[in-house]
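Here is a short report on a predicted model. Have the sequence and the coordinates open while reading.

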Amino acid sequence: MDDCIFCKIVKGEIPAKKVYEDDTVVAFHDLEPQAPVHVLIIPKEHICCAAAVDETNSAVIAHIFEVAAKLGKEFGLDKGYRIVNNCGEDGGQTVKHLHFHFMGGRAFTWPAG
Ligand code: 5GP
Ligand code: ZN
């Protein structure tokens, strides 16, 4: 996707503070952090949103959760963290490339607004 910000981050065309990268996934600090730790974990493949996940591309989702567990240990988030996916307009998704917010370092309330 030529006009996708996160595809550009994957390709290194715009800078990001990466904390993890492998063949299928990249994780980087959110530009406007909402918690002491606020990292976005994304598939390198352009998948628009959670609604586009199916049997052909779902393996990377499991891998994203493996990466999240690894990051939790690396950031020392022993008390826990929150993983959020916003899907579509009502979900509050602003960047149309599937991403998981990995947030920690403070307590969160529930239900989220
Ligand atoms: P959404 O609202 O789609 O769930 O989340 C998009 C997130 O991407 C927001 O938290 C926003 O701060 C972050 N973001 C948007 N553009 C950029 C960017 O160019 N670089 C980084 N690192 N984060 C971005
Ligand atoms: Zn993309």
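## Strand β5

Five of the five residues of β5 are buried, so the rest of the structure largely encloses this strand. Burial holds on both faces. One side carries Phe-100, Phe-102 and Gly-104. The other carries His-101 and Met-103.

β5 has strand partners. It runs antiparallel to β3, and five bridges join the two. Ile-41 has Phe-100 of β5 as its bridge partner. β4 also pairs with β5 in the antiparallel sense, over four bridges. Here Arg-82 is matched with Met-103 of β5.

## Aromatic pairs

The count of aromatic pairs comes to three. One of them joins Phe-65 and Phe-100. Their ring centres are 5.6 Å apart and the planes meet at 75°. An angle over 60 degrees counts as edge-to-face, and this pair is edge-to-face. The contact links distant parts of the chain: Phe-65 sits in helix α2 (residues 59-74) and Phe-100 in strand β5 (residues 100-104), 35 residues apart. Phe-65 is partly exposed, at 40% relative accessible area. Phe-100 is buried, at 9%.

Tyr-81 and Phe-102 form another pair, with centres 4.7 Å apart. Their planes stand at 45°, so the pair is tilted. Tyr-81 belongs to strand β4 (residues 81-84) and Phe-102 to strand β5, so the pair ties together parts 21 residues apart in sequence. Phe-102 has 0% relative accessibility and counts as buried. Tyr-81 is partly exposed, with a relative accessible area of 35%.

## The zinc site

Which residues coordinate the zinc ion (ligand 2)? The donors are Cys-4 (SG), Cys-7 (SG), His-46 (ND1) and His-97 (ND1), at 2.1 to 2.3 Å. The angles among the four donor atoms are 105 to 116°. Four donors count as tetrahedral if all angles lie between 85 and 135 degrees, so the site of the zinc ion (ligand 2) is tetrahedral.

Along the chain, the donors follow the spacing C-x2-C-x38-H-x50-H. The two histidines link distant parts of the chain, 51 residues apart. His-46 lies in the loop between β3 (37-43) and α2. His-97 lies in the loop between α3 (88-91) and β5. Are these histidines buried or partly exposed? His-46 is partly exposed, with a relative accessible area of 23%. His-97 is buried, at 0% relative accessibility.

## Salt bridges

The structure holds two salt bridges. Lys-18 pairs with Glu-21, and their closest N and O atoms are 3.6 Å apart. Lys-44 also pairs with Glu-21, with the closest N and O atoms 2.9 Å apart. This second contact links distant parts of the chain. Lys-44 is in the loop between β3 and α2, while Glu-21 is in strand β1 (residues 18-21), 23 residues away.

Lys-18, Glu-21 and Lys-44 are thus linked in a network of salt bridges. Each member is partly exposed. Lys-18 has 34% relative accessibility and is partly exposed. Glu-21 is partly exposed at 40%. Lys-44 is partly exposed at 23%.

## Back to β5

Several of these features involve β5. Phe-100 is the bridge partner of Ile-41 and also pairs with the ring of Phe-65. Phe-102 sits on the same side of the strand as Phe-100 and forms the tilted pair with Tyr-81. His-97, a zinc donor, lies in the loop between α3 and β5.

Methods:
Residues are numbered from 1 along each chain as its sequence is written. Chains are lettered from A and ligands numbered from 1 in the order in which they are written. This is a predicted model: local features need pLDDT of at least 70, side-chain atom pairs count only at pLDDT 80 or more; totals for chains, interfaces and linings use all residues. Side-chain values use heavy atoms; hydrogens and water are left out. Rings of Phe, Tyr and Trp (its six-membered ring) pair if their centres lie within 6.5 Å; planes under 30 degrees apart count as stacked, over 60 as edge-to-face and the rest as tilted. Buried means under 20% relative accessible area, exposed over 50%, partly exposed in between (1.4 Å probe, protein chains only). Donors are N, O and S atoms within 2.8 Å of the metal (3.2 Å for Na, K and Ca); water is not among the atoms, so sites may look incomplete. Four donors count as tetrahedral if all angles lie between 85 and 135 degrees; four count as square planar and six as octahedral if opposite donors are over 155 degrees apart and all others between 65 and 115; anything else is irregular. Two strands pair if DSSP finds at least two bridges between them. A salt bridge is a side-chain nitrogen of Lys or Arg within 4 Å of a carboxyl oxygen of Asp or Glu.
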